[in-house]
Amino acid sequence: QVQVVESGGGLVQPGGSLRLSCAASGNLFSLYSMGWYRQAPGKQRELVATLNNRGSTNYADNVKGRFTISRDNAKNTGYLQMNSLKPEDTAVYYCNVRRTIGLVEYDYWGQGTQVTVSS
């Protein structure tokens, strides 16, 4: 079992920046893929960005060029740097950590952190 804890959310004005953190328990973080997802009120959860254990990234079109996903394996922590924030980025942001053993994927989620972009 991997415990995942997000932090760093808050209220920010349009055009501002926030950095979210995702701390995972254990010492196998370097083996995991990770991702950030978000869910706005009344909408389905959507992918924001992913970063696998080989360093490959993938971003949703609506955050490309504004958001950057990264990780520090020594700290068992992943990050999402969010710049040029827009009101439509308002959502609860969730961190996903995925462990793949053979053909089986194990997904672990945090409790989410609220990001509100408003003037």
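**Exercise 1. Strand β3**

How many of the 7 residues of β3 are buried?

Solution. The model is a predicted one. A residue is called buried when its relative accessible area is under 20%. By that cut-off, 5 of the 7 residues of β3 are buried. The strand is therefore largely enclosed by the rest of the structure.

**Exercise 2. The open sheet**

Find the order of the strands in the sheet that contains β3, and state which strands lie at its edges.

Solution. Step one: the sheet is open and has 4 strands, in the order β1-β3-β8-β7, with antiparallel pairing. Step two: β1 (4–7) and β7 (67–72) are the edge strands, since each pairs on one side only. Step three: on average, neighbouring strands of this sheet are turned by 15 degrees against each other, direction ignored.

Next, take the pairings of β3. Strand β3 covers residues 18–24 and is joined by 6 bridges to β8, residues 77–82; the two run antiparallel. Within this pairing, Cys 22 stands opposite Gly 78 of β8. β1 is joined to β3 by 4 bridges, again antiparallel. Here Val 4 has Ala 24 of β3 opposite.

**Exercise 3. Two positive phi angles**

Is Asn 76 buried or exposed? Treat Ser 84 in the same way, after locating both residues.

Solution. Begin with Asn 76, which sits in the loop between β7 and β8. Its phi is near 55 degrees, a positive value in a residue other than glycine. The relative accessibility of Asn 76 is 17%, so Asn 76 counts as buried.

Turn to Ser 84, in the loop between β8 and β9 (91–101). Ser 84 is also a residue other than glycine with a positive phi, near 50 degrees. With a relative accessible area of 41%, Ser 84 is partly exposed.

**Exercise 4. The largest pocket**

Which strands each supply at least two residues of the lining of the largest pocket?

Solution. The largest pocket holds about 180 Å³ of space. It is lined by 13 residues, and those closest to its centre are Ser 33, Met 34, Leu 51, Asn 52 and Arg 98. The strands asked for are β4 (33–39), β5 (46–51) and β9. Of these, β4 gives the most to the lining, with 4 residues. Sorted by type, the lining has 4 nonpolar, 7 polar and 2 charged residues.

**Exercise 5. Aromatic pairs**

How many aromatic pairs does a search of the whole structure find? Classify each by its geometry.

Solution. The search finds 2. To describe such a pair, one needs the distance of the ring centres and the angle of the planes. Planes over 60 degrees apart count as edge-to-face.

Pair one is Phe 29 with Tyr 32: the distance is 6.5 Å centre to centre and the angle between the planes is 85 degrees, which is edge-to-face. Both Phe 29 and Tyr 32 are buried.

Pair two is Tyr 37 with Trp 109. Their ring centres are 5.1 Å apart and their planes are at 65 degrees, so this pair is edge-to-face. The pair links distant parts of the chain, 72 residues apart: Tyr 37 belongs to strand β4, and Trp 109 to strand β10 (residues 104–109). Tyr 37 counts as buried because its relative accessibility is 17%. Trp 109, at 38% relative accessibility, counts as partly exposed.

How values were computed. Residues are numbered from 1 along each chain as its sequence is written. This is a predicted model: local features need pLDDT of at least 70, side-chain atom pairs count only at pLDDT 80 or more; totals for chains, interfaces and linings use all residues. Side-chain values use heavy atoms; hydrogens and water are left out. Two strands pair if DSSP finds at least two bridges between them. Axes are lines fitted to C-alpha atoms, for helices over the stretch in contact, and angles run from 0 to 180 degrees between N-to-C directions. Buried means under 20% relative accessible area, exposed over 50%, partly exposed in between (1.4 Å probe, protein chains only). On a 1 Å grid over the protein atoms alone, a cavity is a set of points where a 1.4 Å probe fits but cannot get out, and a pocket is an open set with protein on both sides within 12 Å along at least five of seven lines; lining residues have an atom within 4 Å of a point. Grid points are joined across faces, edges and corners, and a volume is the space filled by probe spheres set on the points. Ala, Val, Leu, Ile, Met, Phe, Trp, Tyr, Cys and Pro count as nonpolar, Asp, Glu, Lys and Arg as charged, and the others, Gly among them, as polar. Rings of Phe, Tyr and Trp (its six-membered ring) pair if their centres lie within 6.5 Å; planes under 30 degrees apart count as stacked, over 60 as edge-to-face and the rest as tilted.
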